[in-house]
Amino acid sequence: VLFLQIVHILNMTSAKIVSFLLHPEESLHSLQNRIEFETGISTGNQELLLETGICLDPRKPASQCVIDGVRGWDSYMVYLFDKSKTVYDGPFASRSLSDCVNYIVQDSKIQLPIPQLRKVWAEAVHYVIGLKEDYSRLFQGQRAAMLSLLRYNANLIKMKNNMVSASQQLKAKLEFFHQSIRLDLERYSDQMAYGISSEKMLKAWKEMEEKASQCAQAEDIGYLDEQIMALHTEIVELQKSPYARRQGEVMESLEQRAIDLYKQLKARPPDHAYSDSTDMVKIIVQTVQSQDRVLKELFGHLSKLLGCKQKIIDLLPEIEVALNNIKEADNSVMQMQGKRQREIWHLLKIACTQSSSRSLVSPSLEGPASTPAATWHPQGSSGNAAPHPLSSLAAPEDGESFADVIRENVNYLELFSSILQEVRQEQSSMMVS
């Protein structure tokens with residue numbers, strides 16, 4: 001018996017406790033099936049929370065419900081919520097009266113002997129204490145719901161910060177992209193008349209500018225930010241609400257009064273005297289009324305907590321979508337920026353090759369004219385002395401330099417032809433891209 005593990009489940013939708021004996025190595029899913037059979041809440045709609053607001057992990061065994069601690073495992077409670085409901089409005093029936101307590105409640109003036117009255121009042125005190133403990137457990141369930149809400153809110157804040165940061169980065173990149181592409185278009189227009197032009201590339205750049213303007217829609221997260229801020233305000237108000245704090249002071253004082261009455265009765269000698277139960281019945285009625293009031297306030301506050309939590313659950317996918325849109329727009333802007341920069345460097349390469357080709361062509365064309373050519377002077381021409389017939393040929397040094405010039409010009413011609421062919425290929429490839 002000492003090694004048995006029992007889990008107590010407080011159903012917050014009905015304010016009733018159900019207990020289960022855990023089987024060795026039983027899975028949480030198996031326990032949830034048993035809970036569904038007892039409570040009617042499907043496994044998909046079950047939310048099981050510990051006192052700390054932590055949801056039970058479906059990957060771990062059901063024994064995670066039982067916590068070994070100073071208080072003892074039998075004093076811990078697991079709180080069951082129905083995900084399909086956000087409003088818990090009862091009716092929540094109070095615990096039933098025993099026959100003898102119901103007897104004095106029906107007629108508080110009935111006279112009973114002191115020994116019998118002691119037994120009846122002892123059960124009455126137990127009933128009053130039970131009402132107070134029922135409220136305490138339900139309040140702990142509400143507190144677990146609040147802690148769970150704060151965990152969801154912390155996750156929401158983290159995702160919101162990521163979204164805002166990504167949106168600001170996208171905004172900065174878009175501003176830089178727009179400024180740089182405008183400058184590129186201006187400079188391109190200035191050099192079109194005497195430089196390089198490509199209508200297809202110009203059209204692609206203008207399409208990039210339009211696409212960047214469309215990407216700006218992804219950075220608009222104002223509507224989500226407003227909803228998140230409104231939720232934060234609502235959660236803060238719920239935390240400040242007096243219903244978020246324990247409201248059982250009246251019930252505790254009534255409990256103490258019932259105990260004091262019982263002690264006074266117990267101190268009386270067990271003679272043949274009789275007495276009625278008017279004072280004890282008043283305490284019972286006041287305790288029931290007080291419990292009804294505080295439970296109404298508690299479940300009203302709990303419904304607001306669950307409503308806020310559902311709003312967060314609904315917002316999280318929207319934030320995920322917004323984050324994905326921002327990332328896609330960011331990648332698109334970076335790709336367009338990279339593509340345009342590659343095209344600019346491609347234009348620069350073409351301009352450099354054209355400039356170098358012109359510089360190579362000009363000396364090759366002027367070289368033969370400036371180079372002293374070999375001349376032939378016929379005999380009988382004017383001069384001091386008639387040259388030797390072979391003297392009309394260039395000297396050996398001049399002949400060698402002339403051959404070098406010819407070879408150099410041939411090399412320049414081949415280089416120029418290859419450069420022109422390369423430029424034509426690059427221009428055609430750029431037009432196609």
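# Rings, sheet and helices in a predicted model

User: How many aromatic pairs does the count come to?

Analyst: This is a predicted model. Rings of Phe, Tyr and Trp pair if their centres lie within 6.5 Å. By this rule, the number of aromatic pairs is 2.

User: Phe-81 and Tyr-88 form one aromatic pair. Is it stacked or edge-to-face?

Analyst: The ring centres of Phe-81 and Tyr-88 lie 6.4 Å apart. Their planes make an angle of 20°. Planes under 30 degrees apart count as stacked, over 60 as edge-to-face. The pair of Phe-81 and Tyr-88 is therefore stacked.

User: Is Phe-81 buried or exposed? And Tyr-88?

Analyst: The cut-off for buried is under 20% relative accessible area. Phe-81 has 2% relative accessibility, so Phe-81 counts as buried. Tyr-88 has 3%, so Tyr-88 also counts as buried.

User: What is the order of the strands in the open sheet?

Analyst: The sheet has 4 strands, with mixed pairing. Strand E2 (16–21) and strand E3 (46–49) are its edge strands, each pairing on one side only. Neighbouring strands are turned by 30° against each other on average, direction ignored. The order is E2-E1-E4-E3.

User: In which sense do E1 and E4 pair, and in which sense do E3 and E4?

Analyst: Strands of a sheet pair through backbone hydrogen bonds, either parallel or antiparallel. Strand E1 (residues 6–11) and strand E4 (residues 78–82) have 3 bridges, and Ile-9 has Val-78 in E4 as its bridge partner. E3 and E4 have 4 bridges, and Gln-46 has Asp-82 in E4 as its bridge partner. For E1 and E4 the sense is parallel; for E3 and E4 it is antiparallel.

User: Which residues of E3 are buried on each side?

Analyst: E3 is covered on both faces. On one side the buried residues are Gln-46 and Leu-48. On the other side they are Glu-47 and Leu-49.

User: Which residues does Lys-309 contact, leaving aside its neighbours within four places in sequence?

Analyst: Lys-309 lies in helix H7 (residues 278–370). Its relative accessible area is 5%, so Lys-309 is buried. Leaving aside those neighbours, Lys-309 is in contact with Glu-47, Ser-148, Leu-149 and Tyr-152.

User: Are H2 and H3 roughly parallel or roughly perpendicular to each other?

Analyst: Two packed helices are described by the angle between their axes and the distance between the axes. The axes of helix H2 (residues 99–106) and helix H3 (residues 114–191) come within 9 Å and cross at roughly 95°. Angles of 65 to 115 degrees count as roughly perpendicular. H2 and H3 are therefore roughly perpendicular.

User: How many residues in the contact of H2 with H3 are nonpolar?

Analyst: From H2 come Cys-100, Val-101 and Ile-104. They meet Val-120, Trp-121, Glu-123 and Ala-124 in H3. The contact has no polar residues and 1 charged residue. The number of nonpolar residues is 6.

User: How many helices and how many strands does the protein chain have?

Analyst: From the N terminus on, the elements run β-β-α-β-β-α-β-α-α-α-α-β-α-α. The count is 8 helices and 6 strands.

User: What percentage of the residues of the protein chain count as buried?

Analyst: The protein chain has 433 residues. A residue counts as buried under 20% relative accessible area. The share of the protein chain that counts as buried is 36%.

Key: Residues numbered from 1 in each chain as written. Predicted model: local features only at pLDDT ≥ 70, side-chain atom pairs only at ≥ 80, totals over all residues. Heavy atoms only, no water. Axes fitted to C-alpha atoms, helices over the stretch in contact; angles between N-to-C directions. Helix = DSSP H or I, 4+ residues; strand = E, 2+ residues; numbered from the N terminus. Parallel < 35°, antiparallel > 145°, perpendicular 65-115°, else oblique. Contact = heavy atoms within 4.5 Å. Nonpolar A, V, L, I, M, F, W, Y, C, P; charged D, E, K, R; others polar. Phe/Tyr/Trp six-rings, centres within 6.5 Å; stacked < 30°, edge-to-face > 60°. Buried < 20%, exposed > 50% of the residue type's maximum accessible area, 1.4 Å probe, protein only. Pairing = 2+ DSSP bridges.
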